[in-house]
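Work through the exercises below with the structure open. Try each task before reading its solution.

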Amino acid sequence: MSFGSGRTAFETKLNVLLGRLLSKELGLRAVSEYVSRRDRPDIIMYVNGVKVIVEGSYSRADAENDVKRRIQEGLGDLGLALFYREDFPSNLTDFELEERLKGSTFEVRLIVPEDISGTLLAYLTNKKVEPRWVTGWIETRVADLVSILNEAVQFIASEGDVKYVIGEIERNINDFVESVKSVDSTKQIAKNLYDVFYKLYGLSVGDYDKIDELIYAKAALAIFLSTTFYQSVHAQIGLSSISSLCRQYGYRLGLRRAFEEILKVDYERVYELAIQVIEILPEDISSALKRIVELAEVCASKRTLLKKDFSGKIYHKIVGDWAIRKNFATYFTTIPAAYLLAYLAVFTRTGVFREFKESIKVGDLACGSGTLLTATYSALKDLYVYSKFGEGRIDFREFHKLMLEENIWGIDALSYAVQIASTNLALQDPTTQVRWMRTLTVPLGEADEKVVLGSLEFIKTRVVPDIVMYLTGKVKLMREAKVTSITGGEVPKELPEFDFIIMNPPFTRATGRGGRERGGLFGFIVDESVRGDVVREYERLRDSVQRELKALTLREERLVTLPGIKELYNQYAILSKLDVEELYNVGQAGEGLLFLYLAFKRVKEGGKIAFVLPKSLLTGVSWFLARNLLFREFHPEHVVVSYDAENGYNFSESTSLSEVLVVARKRKNTEENEATTITILCKKPSTSLEARALALRILKSKDGEYLEVNGSKAYTYRASRKKLAERIFNWGSLMAFPDPQLTRIADEALDGNIFGTRVPMIRLGEIATIGIDAHQFHDAFRRVSGEPPGSYPAVYGGGEERRLQMLVKPNARIMSNEIKTKRGKIMRPGERLFKEFSGTLLVPDRIWVDTAHVIAMCSTEPVLSNIFYTLRLKNNKDADRLKALCLWLNTTWGALSILANRSETRGRWIRLKMTHWRLQPVLDVTKLDEEQAAKLATVFDIYCEKELRRLPEQFDPSNVDPIRKGIDRGFLEALDVKFTDEYLNSLYRLVYQNLSTWIGEG
């Protein structure tokens, strides 16, 4: 350098202060890291997920060269070279220097990777920012620089370059589809392609003549990704370019020639498929192939693009139909959700991620297209940079080889899915050749009467099965095949002990999702005999896991003083008083629970698991044992749920089901101050960079903070281990509403705390019996017209018209079905059921939050219902207490406590099974004195025949439903709870805001 040591040392201080100043000016959205090197610091600033490298110097050339080198090394997404034009006295304090930097004029230059510079220039120009901000030096002050940085970061974080290219690809693939369709009038091409993709597995994913367009699109995608990868590596391995081969042989034969040549080098599984596709396609679609090839060549030159999970984004965009997308009942993780999950896990610097370890082993045992593995690769790469920055040489080629050859393991039951996953990973650095990858196909099937359950076999052992059986639609046994290593090389003998397992496993329950042809558990297996064998083996494994989880749950801890254990045992004590055996049955939880148990078995102590699972993990009865597993054997570090009504409550593509992201660290010893970070997404991140930014902000957030990062919005707060134990029956109550303030109020209501006054609470199952469910009703009864002798009154149906007011009259008559026993005796089970379970108090088994008016109802006479459960008080038939209980369930606090204790299926559509109701905390009406019970019954009588508005509209602060206010005021006055109108109106406003956000009207 041209300056003396004193000046050089001072550059170091200026750079650090400038980084801090920029971070302050950019607000809470910026996270800065300063890592000293021998000469002067590099400053990495995370601005909304975009890595900005800052280099300041008294030499333009030094600043520019250092930034260029760092961008070329892949350390940043955006570079800022800054030239200090004036001297800064060394005797100034840090504060004085910051003030002087604020008022100083600099010369700056923004530098981005070359392959997005053009689109960024266009974006800045459209924003009326001069292009020279990117291409030349210009004078600026800090305030102006912040606006320019924000504009550039906004473009990069929005992944505008990716969206543009994907749009082009989609248009070209659509053209390809139309070209093939125009020459495939007999659907023979569609059939042949279908056979290539699926026939080997004996799967039923739709009729080829009905999904022909999607089959053509999948063929185009296979060609496009194979061509992109070929073009990325051909020069390094001495092969001709695609374009030269196509000019020489034509596009169809040219592609075949290219793929055959690269097969001689490696990547056999990827290109075997591509060659089969090329062979099937006709000659007269050359123009469509030409456009695919030309676009692939352009994309191959955009290295920055390839590192943004480019192929994964394309795969998700193109493969759209449920039957194609839902390979083996799994939904692909959305890319932003994958990055949010991976970065939360990796950058929560605990356990195996306290520091970067070159030996780290990562696994996705249901990897699909590899989105979660690619997101993990990105997070580990950033962790690698952090660990090496300023301490040693950063070698991304060695990092890439290490990750793909040894550390990242992807396993799936479908070879096609693993091929896509392998391509995704390889394209992170396509010029670095790897000898093999740890991506394996372990199919599900049967051989010599032995069933292999794919990845679930690893519950039993880490040993990779020697022989497995691919299934066929024609015969029971097709052919034996060794487990396949998708990229060549020897198949490993066993799985490693994983440091990190990340998955979005199949969710399918034993009863299936319903409404789809060949749905249900393993419904994609065509041969019913094989399917039966597979289902039976699966059920044996599930029952074994259930026994082990139950034993773990009932295991007594030697040290009851461990944090949370006393509170957990207090909850267990309740179970002996209730009929809740269903809690120990995992049958309805489905495959997702077994994969969670698999992760528990295969992750090491100190290792982490990260899952996308149905929200039932938090709320479902069948997931109770899974919650106990997470509580006892792990520290649940993060739980993320969505209340984004516009963009969905899900984290998987092509589903409206509510889902949850979970990160947990396996550990033996409980830490005293363990807490779980809960994140409520009011608006989900829309890109991978936005998700990365949000993850880093969550990790820096304060308890109860509201975050806005680019377009994403979230609340984040902490739940103690003690609170997890107290709510073990339903963790959903800890994130019951979008705003944590209302969740806290609902949590207090569950404990009987209303405006600071305690009211007696008890589990409903302790004071009441609960009637029959819908299945029992329809098995035992049939609806009849008129009022024939021997018929019974019923409340039939659950439409909105049934839920308008608290008092309801029977609207149907039912008759007991007759069942003939083996001995010929006629039985009428309905007679016994009506006698034992009919009642006048009804509670729902499902609620549409936006169309419900009342929660509970009282009937004018004892009834049964096909939609509502009937309740009877166990030891007290006092009508006043039944009315009091009905009133409680319809107060604001009763409604909040029920909504908090829900099992959520699809956002605002919720279920409440019998076990939920038995465990539901309610007002203990048996503890009320006669005067209190009579007062509450009087309030019920006043309002029972008055119609309430729809639930959200009842709380509209501009026009609160007078019936709502009357019910609440009457309840509070009857129990002598002190309140003011201001308290009530404030609560109503909060409820209205939350329900509106939840259902998408706020």
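## Exercise 1: A loop residue and its neighbour

Gln920 touches Leu750, Ile762, Arg763, Leu764, Ser897, Ile898 and Asn901, leaving out residues up to four places away in sequence. The model is predicted.

**Task.** Where is Gln920 placed, and is Gln920 buried or exposed?

**Solution.**
- Step 1. Place the residue. Gln920 sits in the loop between helix 34 and strand 38 (921–923).
- Step 2. Read the accessibility. The relative accessible area of Gln920 is 1%.
- Step 3. Apply the cut-off. Buried means under 20% relative accessible area. Gln920 is therefore buried.

**Task.** Which residues does Leu919 contact, leaving aside neighbours within four places in sequence?

**Solution.**
- Step 1. Place the residue. Leu919 belongs to helix 34 (residues 914–919).
- Step 2. Check the accessibility. Leu919 has a relative accessible area of 5%, so this residue is buried.
- Step 3. List the contacts. They are Leu575, Leu578, Val580, Leu583, Phe729, Arg763 and Asn901.
- Step 4. Take one of these partners, Arg763. Leu919 and Arg763 are 156 residues apart in sequence, yet 5.2 Å apart in space, C-alpha to C-alpha.
- Step 5. Compare the two lists. Arg763 and Asn901 appear among the contacts of Leu919 and also among those of Gln920.

## Exercise 2: An open sheet

**Task.** In what order do the 3 strands of the open sheet stand, and which strands stand at the edges?

**Solution.**
- Step 1. Read the order. The sheet runs 33-37-36, with antiparallel pairing.
- Step 2. Find the edges. Strand 33 (846–848) and strand 36 (903–906) each have a single partner strand, so one side of each is left without a neighbour in the sheet.
- Step 3. Add the turn. Neighbouring strands are turned by 25° against each other on average, direction ignored.
- Step 4. Inspect one pairing. Strand 36 is joined to strand 37 (residues 909–911) by 3 bridges. Ser903 stands opposite Arg911 in strand 37.

## Exercise 3: Two helix crossings

**Task.** How do helix 10 and helix 11 cross, and which residues make the contact?

**Solution.**
- Step 1. Take the geometry. The axes of helix 10 (residues 242–249) and helix 11 (residues 251–263) come within 7 Å and cross at roughly 130°.
- Step 2. Classify the angle. Helix 10 is therefore oblique to helix 11.
- Step 3. Assign the hand. This crossing is right-handed.
- Step 4. Name the residues. Helix 10 supplies Ile242, Leu245, Cys246 and Tyr249, while helix 11 supplies Tyr251, Leu253, Gly254, Leu255, Arg257 and Ala258.
- Step 5. Sort them. The contact holds 8 nonpolar, 1 polar and 1 charged.

**Task.** How do helix 37 and helix 38 cross, and how do the contact residues divide?

**Solution.**
- Step 1. Take the geometry. The axes of helix 37 (residues 962–974) and helix 38 (residues 981–999) come within 12 Å and cross at roughly 130°.
- Step 2. Classify the angle. Helix 37 is therefore oblique to helix 38.
- Step 3. Assign the hand. The crossing of helix 37 and helix 38 is right-handed.
- Step 4. Name the residues. Arg964, Lys965, Asp968, Arg969 and Leu972 come from helix 37, and Asp981, Leu984, Asn985 and Tyr988 from helix 38.
- Step 5. Sort them. They divide into 3 nonpolar, 1 polar and 5 charged.

## Exercise 4: Positive phi

**Task.** What is the phi of Asp976, and where is Asp976 found?

**Solution.**
- Step 1. Recall the background. Most residues other than glycine have a negative phi.
- Step 2. Read the angle. Asp976 has a positive phi of about 60°.
- Step 3. Place the residue. Asp976 is in the loop between helix 37 and helix 38.

Note on methods. Residues are numbered from 1 along each chain as its sequence is written. This is a predicted model: local features need pLDDT of at least 70, side-chain atom pairs count only at pLDDT 80 or more; totals for chains, interfaces and linings use all residues. Side-chain values use heavy atoms; hydrogens and water are left out. Axes are lines fitted to C-alpha atoms, for helices over the stretch in contact, and angles run from 0 to 180 degrees between N-to-C directions. Helices (H or I, at least four residues) and strands (E, at least two) are DSSP runs, numbered from the N terminus. Angles under 35 degrees count as roughly parallel, over 145 as roughly antiparallel, 65 to 115 as roughly perpendicular and the rest as oblique. A crossing is left-handed if the near helix is turned anticlockwise from the far one by less than a right angle, and right-handed if clockwise. Contact means heavy atoms within 4.5 Å. Ala, Val, Leu, Ile, Met, Phe, Trp, Tyr, Cys and Pro count as nonpolar, Asp, Glu, Lys and Arg as charged, and the others, Gly among them, as polar. Buried means under 20% relative accessible area, exposed over 50%, partly exposed in between (1.4 Å probe, protein chains only). Two strands pair if DSSP finds at least two bridges between them.
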